[in-house]
Amino acid sequence: MLRQSPIAVVLVTHAPLGKALYACAEHVLQTPPALLVADVLPADLPQPWVKKLVHEIAELNTKKVLLLCDLYGSTPYHIATGVQRRLSLRDYQVHLVSGVNVSMVLKALTDAGPSVEDVVTQVLAATQRGIVHQSPTLS
């Protein structure tokens with residue numbers, strides 16, 4: 001069971017990425033993260049996942065949701081957009097960000113702002129800060 005949080009953070013990814021990101025967050029934070037994970041298998045159809053996630057998110061008692069998916073245009077992305085549509089019809093504030101990485105997950109879990117928009121801004125900024133190119137060193 002996820003702890004109650006003002007913003008539900010949900011991973012929708014190609015398996016096994018979501019579980020790996022969950023394990024990484026648990027390692028870094030030294031506690032089970034408040035993170036809902038949907039690891040989509042190659043043969044999975046979107047609609048059962050959409051229905052399952054909408055139900056699970058509704059049980060979290062928050063109307064603010066951040067969906068993080070791995071690849072824009074993929075099956076997990078289409079599942080996430082289905083969830084976004086259905087929950088939006090129920091007056092949820094649902095944001096979807098693709099290209100999920102460890103920096104994004106950790107920021108979403110640790111820097112809960114007053115609004116979903118603030119969290120999205122912080123997640124995107126953390127992603128940019130987390131990308132660093134280090135040139136080869138001369139010997």
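Accessible areas here come from the Shrake-Rupley method with a 1.4 Å probe, and for residues only the protein chains shown count as cover. With that in hand, show the surface of the whole protein: it comes to about 7,900 Å², and 58% of it belongs to carbon and sulfur atoms.

Two quick notes before you click around. You're looking at a predicted model, where local features need pLDDT of at least 70 and side-chain atom pairs count only at pLDDT 80 or more, while totals for chains, interfaces and linings use all residues. Residues are numbered from 1 along each chain as its sequence is written, and side-chain values use heavy atoms, leaving out hydrogens and water.

**Stop 1: the whole fold**

Switch to cartoon view. You should find five helices and four strands, in the order β-α-β-α-β-α-β-α-α along the sequence. (Helices, H or I with at least four residues, and strands, E with at least two, are DSSP runs numbered from the N terminus.) Now turn the model around: its C-alpha trace spans about 60 × 35 × 25 Å along the principal axes. The radius of gyration, taken over C-alpha atoms, is compared with a globule rule of 2.2 Å times the number of residues to the power 0.38. For 139 residues a compact globule would come out near 14 Å, and the protein's 15 Å agrees with that.

**Stop 2: the inside**

Buried means under 20% relative accessible area, exposed means over 50%, and partly exposed is in between (1.4 Å probe, protein chains only). By that rule, 42% of the 139 residues are buried. In soluble globular proteins, nonpolar side chains tend to be buried together.

Select V12, L53, I57 and V65. In the largest nonpolar core, which has 22 residues, these four touch the most other members. (A nonpolar core is a set of buried Ala, Val, Leu, Ile, Met, Phe, Trp, Tyr and Cys residues joined through side-chain atoms within 4.5 Å.) Colour β1 (8–14), β2 (36–40), α2 (46–58), β3 (64–69) and α3 (75–88) next, since you'll want to see the elements that each give two or more residues to this core. Then pick V105, L109, V119 and V120, which are among the 19 residues of a second, separate core.

Which residues does V65 contact, leaving aside neighbours within four places in sequence? Contact means heavy atoms within 4.5 Å, and the list for V65 is I7, A8, V10, I57, L87, Y92, Q93, V94, H95 and V116.

**Stop 3: the loops**

Start between β1 and α1 (17–29), where you'll find P16. Zoom in on the link from A15 to P16: that peptide bond is cis, with omega of about 5°.

Move on to the loop between α1 and β2 and click Q30. Q30 isn't a glycine, yet its phi is positive, about 60°. At 64% relative accessibility, Q30 is exposed. P32 sits in the loop between α1 and β2 too, and P32 is exposed at 53%. Not counting residues up to four places away in sequence, P32 touches Y22 and E26.

Next, jump to D91, in the loop between α3 and β4 (93–98). D91 has a positive phi near 70° and is not a glycine; with 66% relative accessibility, D91 counts as exposed.

Last click: L41, in the loop between β2 and α2. Is L41 buried, partly exposed or exposed? At 48% relative accessible area, L41 is partly exposed.
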